[in-house]
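Student: I've got a protein model open and want to practise reading it. Can we go through it together?

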Amino acid sequence: MADSATVAASGPDTLDADVTAALAAFLAAKRAELTAMHPALAAVVDEIEQRCTGSPSRRPAYAYWAWRGCAPADAPAGAPVDDLAVRRALSALELLRVAAVEHADVAPEPVGPVPAIGRAILSGDLALIWSAEVLTTAGLPEETLEAIGPVWDALRTGLAAGSYLDLLRAAGGLDRGAPAESPTGSALRLGAALAGADAAALEACARIGTLLDEGADAERINGAVAAAPLAEEAREALLALSSSGS
């Protein structure tokens, strides 16, 4: 995983760059690991890398500001969870997103060359596996990893359940409906969990994310953000993010 010399987290304005750099460093290491097995495996890392850089989401940013918003105001710098470690850890959300996108590319009745389908399955599986590795090697304290475990597990379960429902809908076996889990809500809850937030804050973050993923109007989103027990700078950042897309 990237160290502090690779990912220079100088402030919130560098967040996107820090997440990108963390992923680039991680995938470079994985490319070396896989190509040592066989050079042809570089194509799998290429697939994941292109998905990460092609259309990155704002989920790491939502999670980061949930963490900032729920962290105790009097906490000393670097404690209990280091800012840089949080940035590295939240890059795992991009690998989770890539896993979902890759698996979604596999239709219920595949059309086209089998190798392309197989590559999508393998790339999605690796992205899912690596997301956990990114999280656990980011430098978070053991007690923090243990505390966020239930939220992380629920996030991955929701991703898999949502992918299954998408397959059923694509096959015509299920009506359109709300996703099994709100991806942005899960990201916000993960960030809040990193700060040791209580149940009320976790629920408030989930509510904000659900409204965002449902495409709710600005008034409802603003109301949910205003009602959430978050620091003011986090509210402002979340509102700015919501106006730029999730």
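Tutor: Sure, here are some questions and answers on the fold, the core, the rings and the cysteines.

Student: How many helices and strands are there in the protein?
Tutor: Keep in mind that this is a predicted model. Reading along the sequence, you meet α-α-α-α-α-α-α-α-α-α-α. The tally is therefore 11 helices and 0 strands.

Student: What share of the contacts with a separation of 6 or more comes from residues 24 or more positions apart?
Tutor: For scale, the protein has 246 residues, and 44% of them are buried. Among contacts with a separation of 6 or more, the share from residues 24 or more positions apart is 70%.

Student: Which helix gives the most to the largest nonpolar core?
Tutor: That core has 67 residues, and those with the most contacts inside it are Ile48, Leu95, Trp130 and Leu140. With 8 residues, the top contributor to this core is helix H3, residues 59–70.

Student: Leaving aside neighbours within four places in sequence, which residues is leucine 95 in contact with?
Tutor: Leu95 is one of the residues with the most contacts inside the largest core. Skip its neighbours within four places, and the partners of leucine 95 are Leu23, Phe26, Ile48, Cys52, Ala127, Leu128, Trp130, Ser131 and Val134.

Student: Phenylalanine 26 and tryptophan 130 form an aromatic pair; is it stacked or edge-to-face?
Tutor: The ring centres are 5.9 Å apart, with 75° between the planes. Planes over 60 degrees apart count as edge-to-face. So, by that cut-off, this pair is edge-to-face.

Student: How many residues apart in sequence are the parts that this pair ties together?
Tutor: Phenylalanine 26 lies in helix H1 (residues 15–37), while tryptophan 130 lies in helix H6 (residues 114–136). Phenylalanine 26 is buried at 3% relative accessibility, and tryptophan 130 is buried at 4%. The pair ties together parts whose separation in sequence is 104 residues.

Student: What about tyrosine 64 and tryptophan 65: which residues do ring pairs link into a cluster with them?
Tutor: Both tyrosine 64 and tryptophan 65 are buried. Their ring centres are 5.5 Å apart and the planes sit at 85°, so the pair is edge-to-face. Ring pairs link these two into a cluster with Trp67.

Student: How many disulfides are there?
Tutor: A disulfide needs two cysteine sulfur atoms within 2.5 Å. For cysteine 205, buried at 0% relative accessibility, the nearest cysteine sulfur is that of cysteine 70, 4.7 Å away. Cysteine 205 is therefore in no disulfide. Over the protein, the count comes to 0.

Conventions: Residues are numbered from 1 along each chain as its sequence is written. This is a predicted model: local features need pLDDT of at least 70, side-chain atom pairs count only at pLDDT 80 or more; totals for chains, interfaces and linings use all residues. Side-chain values use heavy atoms; hydrogens and water are left out. Helices (H or I, at least four residues) and strands (E, at least two) are DSSP runs, numbered from the N terminus. Buried means under 20% relative accessible area, exposed over 50%, partly exposed in between (1.4 Å probe, protein chains only). Contact means heavy atoms within 4.5 Å. A nonpolar core is a set of buried Ala, Val, Leu, Ile, Met, Phe, Trp, Tyr and Cys residues joined through side-chain atoms within 4.5 Å. Rings of Phe, Tyr and Trp (its six-membered ring) pair if their centres lie within 6.5 Å; planes under 30 degrees apart count as stacked, over 60 as edge-to-face and the rest as tilted.
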